[in-house]
Structure formats: C-alpha cells, structure tokens
Amino acid sequence: MSQFQTFKSDLTHSRIVDTDSVSIHDGEIAVKIESFAFTANNVTYGVAGDTIGYWKFFPAAQDEKNEWGCIPMWGFAEITHSNIEGLNVGERLFGYFPAADSLTLSPIKVSDQSFSDGKEHRKELPPVYNNYVRLAGDQNYDSSMDAVRALLFPLHITAFCLCDSLEEDSYLEASQVIIVSASSKTAIGLAQGLADAEDSPTIVGLTSASNAEFVGSLGCYDEVISYDELDRADCSLGSVIVDMAGNREILGTLHGELGDNMLKCLTVGMTHWDNETTSEDALGQAMLRDRTEFFFAPAHIQKRIGDWGHEGYAEKTNLFMTARAVQSKDWMQVKEISGLENFTSTYEEVVAGKINPNEGIIVNLKNA
C-alpha cells in the first residue's frame, strides 16, 4: 500500500510511504481507491488538521513521532475484499479517502444507498465525513459526472450551507456580501447561489489581479475588485464578508475600512496558511474578531437534516448541486494526473498558491 503524507507543521513537506498490504478482519471491507479530487479546500483540511480534527480520519503509517498526516480527499473506490454480507467485491463507493491506493473500513448503518465507517478513531468526527455513498444504490448516478462530483460536491455543499445560513439570517440586513478569494470553487458556488436567490444583496468578489478577468467572466458577481484596488470597495455599506483565503492582511484592511459597517465575517477557507498575524502586523491586528467566526458546514448540515429530515435536505441540496454542476461546464476544465508520484509536484504548487482557477485536478490511481 502507498500513502501520500504531509508534514503537519509545514504543509510544503510531503512524502510517499509504502506500507504492508491490506488485510481485513470480521466486519471490515477493503477498498482500492480509484481517484480523488484535489483543490484548495484540501489545503484548508491540512491547516485545520489539529483544530478541527482532519488529521484523525486516516492515521499516517510509519509515523512514530506523530509528525505526519494524511489530508482527506473526496473520491471514488472499489471494494476489493469484504467480510460484510451485502457489500460485494467490485462495488463502487464515493466518499472521504486518504491520498493512498487502499483503505480498510468498518461499515455500520448499512443501507442500499450508503453506510458509515464505524472505526473507533472516527466515532467522534462529523458524521457527514464518515458517510460513503453506494453508487449502485444512487438512482441519479451518472459516471460521466464523476470528476465534477469529486471536485465540486464537497465545495458546493459548503456553498449551499453558506447561502442557506445567510438567507436564514436575512443577510444580517447587509447591502453587500464581499467574497474574498472569489476565484475559488467554493466562492463561485456561493456567488452563483446568491445570484439565483431572490432579494440577495449585491455580490462583490475580491481576487488577485491575475484572476480578475476570469472572475468577471463568470457572470455571478455584481462587481469584481482586485486585491491591489481595495480602495474601490464601498465601505459605507453594511457588509458581510465571506472569506475563503484567511489572508489576514486583506481581512485587516477590510475590517479597518468598514468599521461598524462590517456586520459579520465568516471564515471558510485558509489557503493562505502561512500568513501569520504578528505583533508587528497592524493590518492583521485590525481584524474585528468579535464579529468573525469560522463557518463549519457539517454543523449546519446536521442542523438542516434535523429541520427538514434527510429527504428534505437531499431534495434542496440536489437542486442546488445540479444547478452548479451545469454551470461548471462553462468554466471548469478537468486536469487528470496519474499516480501519487506525479501528484507530488501538483500538491506543492497548490500549497504554494499556484492555482489555475478554471482547472479541476483529479488524481487517477486506477491505472497508475
């Protein structure tokens, strides 16, 4: 078995570890991981690995000092060994996997549509991440959409939750929603969802100068402003900030200029993972932390399942996701990489912030 690992305290360092072949016990299945998507969202998993528990999902092999971790990925796998009646060899799954070629799972709550992994170390982790979809039981499954599903499903579930939460709060009566890192896939899903909603505020996208043209071409932002032109932002308006990047310099500038007009700042992503706030960082210190909160989509998902039931939740999210998937055909190009060895250089580029916004990266292990 091969496993791609990241050094927890410095995401720029990675390694591939070869481990023993997979063996299973009673109540377990083994899967061969076919492919997974890699986006800036996975970098956030690494940044929040300790604080939210992302490192706990897939313990790193050969890690005596607990220094290495496996960043979770969304992807597809095929059952290769099974000690569970009804879960058969050859069946395909969609869900949360390590960047590795195989994994053992302990299925519980098995239905025709899905099951959960009941391994002890995952019991306290958010249920949405422990759920595996049985593709044979998914009536709407379309294999031609595999790449879009892996790339956009987890991101646009977060976008749906943001849209729903903001709408539920009447957008805090804000006149504008400012989305930082507007070229990110989660941001695009959020902006498209807000654009489709009735009575949503003005949608302002902040992005790098190099991505401004691309963001403007999407048609879902009412205004696009590059980071080097932040003085163009209308800070006289009541504003909600949704931050996908975690760049304290940008946030500090916005918070300082908006002042009392900054009604809330929702932090979703942390792709600018090395952008630390220091005592000399005046702009970072200007962040209004009493009105800043981390938005954790799994908590909102559980709330809405409680409010609407599983069927009601599925119906609403499916409508949202279908619309976003259709729109993605206009802007996203899938880039396929073969094997973990070839993934290493791409991983390093994404961690360094070198991301082509209209590109979706799929790592294919099936024929590697």
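Partly exposed, in these legends, describes a residue whose relative accessible area falls between the buried range, under 20%, and the exposed range, over 50%. With that in hand, welcome to a short tour of a predicted model.

**View 1. Asp307 and Lys303 on helix 8.** The side chains of these two residues meet in a salt bridge, with 3.1 Å from N to O. Both partners sit in helix 8, four residues apart, which is about one turn of the helix. Asp307 has a relative accessibility of 44%, so it counts as partly exposed. Lys303, at 35%, is partly exposed as well. The pair does not stand alone: salt bridges with shared partners link Asp164, Glu168, Lys303, Arg304 and Asp307 into one network.

**View 2. His300 and its surroundings.** His300 also belongs to helix 8, which covers residues 297-328. With a relative accessible area of 8%, His300 is buried. Leaving aside residues up to four places away in sequence, His300 touches Cys161, Asp164, Ser165, Glu168 and Phe295. Two of these contacts, Asp164 and Glu168, will be familiar from the salt-bridge network of View 1.

**View 3. Cys161 and Cys163, two cysteines without a disulfide.** How many disulfides does the structure hold? The count is zero. For Cys161, the nearest cysteine sulfur is that of Cys163, 9.5 Å away. A disulfide would need the two sulfur atoms within 2.5 Å, so this pair does not qualify. Seen from the other side, Cys163 is likewise in no disulfide, and its nearest cysteine sulfur is that of Cys161. Cys161 is buried, with a relative accessible area of 0%, and Cys163 counts as buried at 9%.

**View 4. Salt bridges of Asp117 and Glu120.** The whole structure has 17 salt bridges, and this view picks out two of them. Asp117 pairs with Arg122 at 2.9 Å, N to O. Is this pair buried or exposed? Asp117 is buried, with a relative accessible area of 5%, and Arg122 counts as buried at 1%. Glu120 pairs with Lys123 at 3.0 Å, N to O. Here Glu120 is exposed, with a relative accessible area of 60%.

**View 5. Phe38 and Tyr347, an aromatic pair across the sequence.** A search of the whole structure turns up 29 aromatic pairs. In this one, the ring centres are 5.7 Å apart and the planes meet at 40°, so the pair is tilted. Phe38 comes from strand 3 (residues 29-38) and Tyr347 from helix 9 (residues 340-351), so the pair ties together parts that are 309 residues apart in sequence. Both Phe38 and Tyr347 are buried.

**View 6. Tyr45, Tyr54 and their aromatic cluster.** Tyr45 and Tyr54 make a tilted aromatic pair, 4.5 Å centre to centre with 35° between the planes. Tyr45 is buried, with a relative accessible area of 4%; Tyr54 is buried too, at 5%. Which residues join them in one aromatic cluster? The other members are Phe57, Phe58, Trp74, Phe76, Phe94, Tyr96, Tyr129 and Phe153.

**View 7. Charges over rings at Phe94 and Trp308.** Phe94, a member of the cluster in View 6, has Arg149 over its face, at 5.0 Å from the ring centre. Elsewhere, Lys316 lies over the face of Trp308, at 4.9 Å from the ring centre.

Methods: Residues are numbered from 1 along each chain as its sequence is written. This is a predicted model: local features need pLDDT of at least 70, side-chain atom pairs count only at pLDDT 80 or more; totals for chains, interfaces and linings use all residues. Side-chain values use heavy atoms; hydrogens and water are left out. Helices (H or I, at least four residues) and strands (E, at least two) are DSSP runs, numbered from the N terminus. Buried means under 20% relative accessible area, exposed over 50%, partly exposed in between (1.4 Å probe, protein chains only). Contact means heavy atoms within 4.5 Å. A salt bridge is a side-chain nitrogen of Lys or Arg within 4 Å of a carboxyl oxygen of Asp or Glu. Rings of Phe, Tyr and Trp (its six-membered ring) pair if their centres lie within 6.5 Å; planes under 30 degrees apart count as stacked, over 60 as edge-to-face and the rest as tilted. A charge sits over a ring if NZ of Lys or CZ of Arg is within 6 Å of the ring centre and within 35 degrees of the ring normal.
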